[in-house]
Amino acid sequence: MASLTTRITLWVLLLSAGFTAGVMSLSRALPHGDEIVYVSYRGKRPVIYRMDIHHRLEFALTADDVGSFAPAWSPNGNWIVYYTDGEFSHDLYLMDPMGNHVRRLTDNSSTNHSPTWSPDGQHIAFASDFGK
């Protein structure tokens with residue numbers, strides 16, 4: 001039987017090193033560990049950014065017209081799930097790693113948040129006050 005090894009890496013963005021001010025949260029790294037996604041305030045609302053940690057290159061994946069939170073890579077690195085705080089609801093969205101092919105996953109008046117992937121990448125679990 002093969003042994004299961006877990007590697008945990010913590011990334012800290014140092015403000016004194018010229019990185020982003022106002023970092024709110026970090027997500028786990030891309031499965032091969034070369035990139036991270038995180039949330040930062042730089043304008044009106046929180047935006048999801050992606051960073052190549054070796055070259056310190058970053059770019060915005062979402063706009064600041066609504067707040068975007070809690071990005072999580074799929075286990076295969078092909079998708080990022082996150083949630084937004086729209087005017088009347090908090091909904092889950094899916095996008096590719098370039099911020100394209102955005103797909104809304106929930107569409108109700110509930111507060112849906114804290115998405116996470118199943119280990120096999122086939123399911124997304126999240127918290128919700130649906131039916132409250």
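Here is a short conversation about how the terms used for this predicted model are justified.

Reader: What should I know about the model before we start?
Author: The model is predicted, so local features need pLDDT of at least 70 and side-chain atom pairs count only at pLDDT 80 or more, while totals for chains, interfaces and linings use all residues. Residues are numbered from 1 along each chain as its sequence is written, and side-chain values use heavy atoms, with hydrogens and water left out.

Reader: How many helices and strands does the protein chain have?
Author: The protein chain has zero helices and 10 strands. Helices (H or I, at least four residues) and strands (E, at least two) are DSSP runs, numbered from the N terminus.

Reader: Which strands form the open sheet, and in what order?
Author: Four strands form it, in the order β5-β6-β7-β8, with antiparallel pairing. Two strands pair if DSSP finds at least two bridges between them. Four bridges join β5 to β6, and six bridges join β6 to β7, so both counts satisfy the requirement of at least two.

Reader: What makes β5 and β8 edge strands?
Author: Each of them pairs on one side only. On the β5 side, Ser68 has Thr84 in β6 as its bridge partner. Further along the sheet, Val81 stands opposite Leu94 in β7.

Reader: What lies between β5 and β6?
Author: These two strands form a hairpin with six residues between them, and Gly77 in the turn has a positive phi of about 80°.

Reader: Now the rings: how many aromatic pairs are there?
Author: The structure holds three. Rings of Phe, Tyr and Trp (its six-membered ring) pair if their centres lie within 6.5 Å; planes under 30 degrees apart count as stacked, over 60 as edge-to-face and the rest as tilted.

Reader: Why is the pair of Phe69 and Tyr83 called stacked?
Author: The centres are 5.3 Å apart and the planes make an angle of 25°. Set against the limits of 6.5 Å and 30 degrees, the rings pair and count as stacked. The pair links distant parts of the chain, with Phe69 in strand β5 (residues 68-73) and Tyr83 in strand β6 (residues 80-85), 14 residues apart.

Reader: And what makes Tyr82 and Tyr93 a stacked pair?
Author: Their ring centres are 5.8 Å apart and their planes lie at 20°, so the pair is stacked. Here Tyr82 in strand β6 is joined with Tyr93 in strand β7 (residues 90-95), 11 residues apart.

Reader: How do you know that Tyr82 and Tyr93 are buried?
Author: Buried means under 20% relative accessible area, exposed over 50%, and partly exposed in between (1.4 Å probe, protein chains only). Tyr82 has 5% relative accessibility, so this residue counts as buried. Tyr93 has a relative accessible area of 17%, and is therefore buried too. Phe69 and Tyr83 are also buried. In β5, five of the six residues are buried.

Reader: Why does Arg42 count as sitting over the ring of Tyr49?
Author: A charge sits over a ring if NZ of Lys or CZ of Arg is within 6 Å of the ring centre and within 35 degrees of the ring normal. Arg42 lies over the face of Tyr49 at 3.8 Å from the ring centre.

Reader: What makes Thr62 buried, and where is this residue?
Author: Thr62 is found in the loop between β4 (57-60) and β5. Its relative accessible area is 12%, so Thr62 is buried.

Reader: Why is the link between Thr62 and Ser68 called a polar contact?
Author: A polar contact is a pair of N or O atoms within 3.5 Å; within protein, one must be able to donate a hydrogen and the other to accept it, and residues adjacent in sequence count only if both atoms are side-chain atoms. The side chains of Thr62 and Ser68 make such a contact at 3.4 Å. A polar atom of the Thr62 side chain also lies 2.9 Å from the backbone nitrogen of Ile48.

Reader: Finally, is Asp91 buried or exposed, and which side chain does Asp91 meet in a polar contact?
Author: Asp91, in strand β7, counts as buried because its relative accessibility is 1%. A polar contact of 2.5 Å joins its side chain to that of Arg104. Leaving aside neighbours within four places in sequence, Asp91 is in contact (heavy atoms within 4.5 Å) with residues including Tyr82, Tyr83 and Asn112.
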